[in-house]
Amino acid sequence: MKDYRPARKRATVNVGESVRILRELKEMTQNQLAEASGISQATISAIENGRVRLGVERAKVLARALKCHPGVLVFPGWTHEEAA
């Protein structure tokens, strides 16, 4: 592991962008995510565009629908160096 070099950070992603990226990686439309999560399509759009805060409860619901950990949505730019 001494030869390990972390990849350089190429882009900064905010919470809304992380939701959109994961949704698109799962090949879901906003309407499909709305059906899977029970959160309205309008609210999902507002989250993705930064008009509405995600919040912990919404993060849990969306993470379940997107099959990921809520932390992936809430802390998209977190790195292990920040934890130290």
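Which residues have the most contacts inside the largest nonpolar core?

## The core

Start with the middle of this predicted model. The largest nonpolar core is made of 15 residues, and those with the most contacts inside it are V19, L33, I44, L54, L62, L66 and L73. Helices α1, α2, α3 and α4 each give two or more residues to this core. The biggest share comes from α4, with five residues. As a rule, nonpolar side chains in soluble globular proteins tend to be buried together.

L33 makes a handy landmark here. Setting aside neighbours within four places in sequence, L33 touches V19, R23, M28, G38, I44, L62, A65 and L66.

## Helix α1 and its ends

Now look at α1, which covers residues 15-25 and has G16, S18, V19, L22 and R23 as its buried residues. Viewed down the helix axis, these buried residues fall within an arc of 160°, so they line one face of α1. Their cover includes α2 (30-37), α3 (41-48), α4 (56-66) and α5 (70-74).

Check the ends of α1 too. At the N-terminal end, N14 acts as a cap, with a side-chain oxygen 3.1 Å from the backbone nitrogen of G16. After α1 comes E27, which has a positive phi, near 55°.

## Q30 in helix α2

Is Q30, a residue of helix α2, buried or exposed? Q30 is buried, because its relative accessible area is 17% and buried means under 20%. Leaving out neighbours within four places in sequence, Q30 is in contact with R23, Q41, I44, S45 and E48.

How values were computed
Residues numbered from 1 in each chain as written. Predicted model: local features only at pLDDT ≥ 70, side-chain atom pairs only at ≥ 80, totals over all residues. Heavy atoms only, no water. Buried < 20%, exposed > 50% of the residue type's maximum accessible area, 1.4 Å probe, protein only. Helix = DSSP H or I, 4+ residues; strand = E, 2+ residues; numbered from the N terminus. Arc of directions from axis to C-beta. Contact = heavy atoms within 4.5 Å. Polar contact = N/O pair within 3.5 Å; in protein donor to acceptor, adjacent residues only side chain to side chain. Core = buried A, V, L, I, M, F, W, Y, C linked by side-chain atoms within 4.5 Å.
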